[in-house]
Amino acid sequence: MGDENTEDRFVERGIEESLVTDFAETHRKSYGDFLQLKTLLNLQKTFQDPAQPDEMLFIIIHQVSELWLKLMHHQLVEVRRFLQHDEFGPAMKNLDRIKAIQRQLITAWETLLTMTPADYMTFRAALGSSSGFQSYGYRQIEFILGNKDASTLKVHQHDPEVMEMLNAALTKPSLYDEILHMLARQGFDVPKDLIKRDYAVPYSGDPRVVQIWVQVFQDTQKYWDLYALAEKLMDVESLFQRWRFDHATAVERVIGMQPGTGGSSGVAFLRKALDLRFFHDLYDMRSELMYSGQD
């Protein structure tokens, strides 16, 4: 009886006759063709021969993170485009996707931390002077979010193509610059000197704009779209800060307070980034709103 029941439970799925199996014809593309898997899965070149066990982990974690950064930047460009046309719905949908991407980036640190200091030291020297600070994908994101720091371009000056791309990003309006334009179109009194300014210079907030956000948050029913947009921007900023914090924590756990491979002070340098902000007015508005609420 037992053997018969076991046989009855065994199911072989097999393959359906309708499934496409012939990809010899030139007009057909397979899953591997569409994703260029032969190229993608052969980009993981280890540093040493023979490779140390955790080299593959280190490479894949960082390559996957670069892909997520690329997608995040793509979505931020889309948000900026939607805001240029006052399309709140699509802009906020894309901000939700950006937040999901950020959570993926944060989770990557958990996987990386399965690598111990002993594991890392077996291949650290092979990294040479390479460093995550040299990621131009990350730099694109910082620029579009408003952290415009031209001095960071020095690490890219050996690559003219990257320099051209980043210089263009440096001089374009940031996401928040476009929000200032949008507020003006919505009828708010945004100072003209903030609308027509040098976008390569970082925006550090303005008390006149803070008062606009105070007005929005004091009447959320009237300005619901702006209110919801502002809170999603704060979500993005909070997740970015968490990613930075987890990065610094992961590095400290693996290398302690040693200098970074790219010449930085290491953890101390990473911690400085925790003081950077993108949406200054939205922070300052909170203090102003709470103060005015006490009157």
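# A walk through the helices

Start by selecting Q140: leaving out residues up to four places away in sequence, Q140 touches H73, M165 and L166. Before you go on, keep in mind that this is a predicted model. Q140 sits in helix α7. Is Q140 buried or exposed? Its relative accessible area is 14%, so Q140 is buried.

**Stop 1: a link from α7 to α12**

Stay in α7, which covers residues 136-145, and pick E142. Now add R244. The two side chains meet in a salt bridge, with N and O 2.7 Å apart. This pair links distant parts of the chain, since R244 belongs to helix α12 and E142 to helix α7, 102 residues apart. Colour them by accessibility and you'll find that R244 and E142 are both buried.

**Stop 2: from α12 to α14**

Next, select E231 and R286. They form another salt bridge, and here the closest N and O atoms are 2.6 Å apart. What does this pair tie together? R286 is in helix α14 (residues 280-292) and E231 is in helix α12, so the bridge joins parts that are 55 residues apart in sequence. R286 counts as partly exposed because its relative accessibility is 28%. E231 is partly exposed too, with a relative accessible area of 28%.

While you're hunting for charges, select D96, K99, K232 and D235 together: salt bridges that share partners join them into one network. Zoom in on K99 and D96, whose closest N and O atoms are 3.5 Å apart in their salt bridge. Both residues lie in helix α5 (residues 88-112), 3 residues apart, which is about one turn of the helix. How covered are the two partners? K99 has a relative accessible area of just 9%, so K99 is buried. D96, at 35% relative accessibility, counts as partly exposed. If you feel like finding the rest, the whole structure has 12 salt bridges.

**Stop 3: helix α9**

Select residues 175-185 to light up helix α9, which is mostly covered, with 9 of its 11 residues buried. Those buried residues are L175, Y176, D177, E178, I179, L180, H181, M182 and L183. Move along to G187, which follows α9 and has a positive phi, near 100°.

**Stop 4: helix α11 and the loop after it**

Now jump to residues 207-218, helix α11. Want to try a little check with the distance tool? At 1.5 Å a residue, the 12 residues of α11 should span 16 Å, and the C-alpha atoms at its ends are indeed 16 Å apart, so the two values agree. At the start of the helix, show the side chain of D206: one of its oxygens reaches to within 2.8 Å of the backbone nitrogen of R208. Then pick out the buried residues of α11, which are V209, V210, I212, W213, V214, V216 and F217.

Carry on to Y223, in the loop between α11 and α12 (224-255). Which residues does Y223 contact, leaving aside neighbours within four places in sequence? They are F188, Q215 and V216. Y223 is buried, with a relative accessible area of 14%. Draw a line from the C-alpha atom of Y223 to that of W213: these residues are 10 apart along the chain, and the two atoms are separated by 9.9 Å.

**Stop 5: a nonpolar patch**

Turn on the surface and select L40, L41, L43 and L67. Together they make a nonpolar surface patch of about 370 Å². L40 is in helix α3 (residues 37-40). With 33% relative accessibility, L40 counts as partly exposed.

**Stop 6: backbone oddities**

Most residues other than glycine have a negative phi, and most peptide bonds are trans. The next three places go the other way.

- Select Q36, in the loop between α2 (31-35) and α3. Q36 isn't a glycine, yet its phi is positive, about 50°. Its relative accessible area is 54%, so Q36 is exposed.
- Select D86, in the loop between α4 and α5. Phi of D86 is also positive, near 55°, in a residue other than glycine. D86 is partly exposed, with a relative accessible area of 27%.
- Select D49 and P50, which are joined by a cis peptide bond with omega about 5°. You'll find P50 in the loop between α3 and α4 (55-84).

Conventions
Residues numbered from 1 in each chain as written. Predicted model: local features only at pLDDT ≥ 70, side-chain atom pairs only at ≥ 80, totals over all residues. Heavy atoms only, no water. Patch = residues over 30% accessible without salt bridge, like charges linked within 9 Å, V, L, I, M, F, W, Y side chains within 5 Å. Areas by Shrake-Rupley, 256 points an atom, 1.4 Å probe, with all protein chains shown as cover. Salt bridge = Lys/Arg side-chain N within 4 Å of Asp/Glu carboxyl O. Helix = DSSP H or I, 4+ residues; strand = E, 2+ residues; numbered from the N terminus. Buried < 20%, exposed > 50% of the residue type's maximum accessible area, 1.4 Å probe, protein only. Expected span 1.5 Å × (residues − 1). Polar contact = N/O pair within 3.5 Å; in protein donor to acceptor, adjacent residues only side chain to side chain. Contact = heavy atoms within 4.5 Å.
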